[in-house]
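Let's walk through this protein together, starting at one spot on its surface and working inward. Have the model open as you read.

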Amino acid sequence: AVRRSASGGRFIAGGAMWSPVAVYRAMGGYAPQFFLYVDDTDFSVRASARGYVLDVVPEALLTHLISASTGGAKVVSPIRLYYELRGSLLFWRRHLGFRAFHWRWCRAHLGKWMCQLPFWWEHEDHRAKAEAVADALWYLISHSSDSTGRPQSPRWFRTALSRRPWIVGALMGFDLRALLGRAR
């Protein structure tokens, strides 16, 4: 199961990955800060950068219960949202670098997460999803090092996201035009 990542490079899904122990050890294993989601993509990108070849065995068969640990492929659970966003934020910051991450990734992709927040905050049955997004963003902003836990974002940050999510997105994307344009 080789797939193309958003950057155009190849990666191997963790559920289908086989790696010799020597390669795994040389790579330092999976990066612990990813924990769930994006760990396989990070490992693949780092392995490729170190000269290892990613390859597939087309005859191999695999049954993979996609997202079984977070509710299933069709379930958008708070735990899935948290680890998907957190993993994406960490991955792209690591592989794009500070400036490109903020100027390119945050500007292009945070809107997908921010546009849903007002609805989620308002509806009690979706509020846990909004809190998961807030906690994932806070994980990155606060430079948390807890790889398996979910540090809770402070109340003031959740309030900012519930009332003006576009401001947080514009600040993370260093998009001063968006901030100034909204002020008019």
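In which helix does Trp 103 lie? Trp 103 belongs to helix 4, where helices (H or I, at least four residues) and strands (E, at least two) are DSSP runs, numbered from the N terminus. Before going on, a word on the model: it is predicted, so local features need pLDDT of at least 70, side-chain atom pairs count only at pLDDT 80 or more, and totals for chains, interfaces and linings use all residues. Residues are numbered from 1 along each chain as its sequence is written, and side-chain values use heavy atoms, with hydrogens and water left out.

Back to Trp 103: its relative accessible area is 39%, so it counts as partly exposed; buried means under 20%, exposed over 50%, and partly exposed in between (1.4 Å probe, protein chains only). Together with Phe 98 and Phe 174, Trp 103 makes a nonpolar surface patch with about 320 Å² of accessible area. Patch residues have over 30% relative accessible area and no salt bridge (a side-chain nitrogen of Lys or Arg within 4 Å of a carboxyl oxygen of Asp or Glu), and nonpolar side chains (Val, Leu, Ile, Met, Phe, Trp, Tyr) are joined within 5 Å. The areas come from the Shrake-Rupley method with a 1.4 Å probe; for residues, only the protein chains shown count as cover.

Now zoom out. The chain runs β-β-α-α-α-α-α-α-α-α-α from the N terminus, and 39% of its 184 residues are buried.

What sits inside? The largest nonpolar core (buried Ala, Val, Leu, Ile, Met, Phe, Trp, Tyr and Cys residues joined through side-chain atoms within 4.5 Å) has 34 residues, of which Leu 89, Leu 137 and Leu 161 touch the most other members. Helix 6 (127–141) is among the elements that give two or more residues to this core, and its nine residues are the largest share. Leaving aside residues up to four places away in sequence, Leu 161 is in contact (heavy atoms within 4.5 Å) with Met 114, Leu 117, Trp 121, Ala 134, Leu 137 and Val 168.

Finally, look at helix 2 (residues 39–49). It is largely enclosed by the rest of the structure, because eight of its 11 residues are buried. Those include Asp 39, Asp 40, Asp 42 and Arg 46, alongside Phe 43. The buried residues of helix 2 pack against strand 2 (10–12), helix 1 (21–27) and helix 3. Just past helix 2, Gly 51 adopts a positive phi of about 95 degrees.

Definitions and conventions
Patches are made of residues with over 30% relative accessible area and no salt bridge: like charges are joined within 9 Å, nonpolar side chains (Val, Leu, Ile, Met, Phe, Trp, Tyr) within 5 Å.
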